[in-house]
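How are the terms used for a protein model justified by its values? The exchange below takes up that question.

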Amino acid sequence: MDPKLISPAAARNIPPILKALEPLVQSLETSQKGPLRALEVASGPGQHLIAFAQTFPNVTWTPSEVNEENIASGLTNIEPPLLIDASSSRAEWKISDASMDLIVNVNMVHISPWSASQGLFAASGNILRPNGLLSNLDFDASLKSSNNHILVYQKK
Ligand SMILES: C[S@@+](CC[C@H](N)C(=O)[O-])C[C@H]1O[C@@H](n2cnc3c(N)ncnc32)[C@H](O)[C@@H]1O
């Protein structure tokens with residue numbers, strides 16, 4: 001990845017994010033049939049996505065962003081990035097229904113309009129396979145780590 005795009009704050013968040021995701025991926029390995037697929041919404045330049053792909057090589061990861069970014073990872077379990085505005089209607093998300101086991105969203109909710117959160121939850125309800133998980137993590141740099149927000153939603 002382009003070194004100019006590397007953010008120290010994003011790097012600091014990688015260990016707690018991986019800690020939060022590990023039990024989710026483990027539970028999906030048990031609950032889901034077939035290869036696991038995950039979508040990240042609001043990937044930015046993809047610093048976290050690359051760590052996810054390295055740590056969970058059995059999951060195929062798709063990055064997405066409202067501003068299209070070029071995520072050059074060299075890893076085989078990363079799909080080309082998608083252009084997704086989380087606030088757009090479900091029809092504008094170019095992803096099939098019931099095609100993802102996991103949707104990850106980090107540090108978007110507190111910096112974006114409420115419509116982006118509404119769109120994320122609405123689309124996730126269609127895109128996730130049964131028992132799939134939506135994981136929303138917000139790390140506010142001004143807050144202590146104990147105040148970070150981690151929310152997990154399961155599609156029934
Ligand atoms: C603080 S950055 C977080 C980037 C990355 N997830 C991270 O934690 O390093 C917030 C990201 O949300 C994206 N974003 C803002 N509004 C969005 C929307 N409506 N749909 C999708 N992404 C959005 C921005 O482009 C930006 O990349």
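The questions and answers that follow concern this predicted model.

Q: Why is Asn-107 called buried?
A: A residue counts as buried if 20 or more other C-beta atoms lie within 10 Å of its own. Asn-107 has 21 such atoms within 10 Å, and is therefore buried. Asn-107 lies in the loop between β4 and α3 (114-127), and Asn-107 is among the closest residues to the ligand.

Q: Why does Asn-131 count as partly exposed?
A: The partly exposed class falls between the cut-off for exposed, 12 or fewer C-beta neighbours, and that for buried, 20 or more. Asn-131 has 15 C-beta neighbours inside 10 Å, so Asn-131 is partly exposed. Asn-131 is found in strand β5.

Q: What makes the phi of Asn-131 notable for its residue type?
A: The phi of Asn-131 is positive, about 70°, although Asn-131 is not a glycine. Asn-107, also not a glycine, has a positive phi of about 60°.

Q: How do you know that the span of α1 is close to the expected one?
A: The expected span is 1.5 Å times one less than the number of residues. Helix α1 (residues 8-31) has 24 residues, for which 34 Å is expected, and α1 reaches 35 Å from its first C-alpha to its last. Even so, α1 bends by about 35° at Ile-14, with Pro-15 following within four residues.

Q: What makes up the shell around the ligand, by class?
A: The shell has 10 nonpolar, 8 polar and 2 charged residues. Gly-44, one of the closest residues, belongs to the polar class because Gly is counted there.

Technical notes
Residues are numbered from 1 along each chain as its sequence is written. This is a predicted model: local features need pLDDT of at least 70, side-chain atom pairs count only at pLDDT 80 or more; totals for chains, interfaces and linings use all residues. Helices (H or I, at least four residues) and strands (E, at least two) are DSSP runs, numbered from the N terminus. The bend at a residue is the angle between axes fitted to the seven residues ending there and the seven starting there. A residue is near a molecule or strand if its C-beta atom, placed from the backbone, lies within 6 Å of it.
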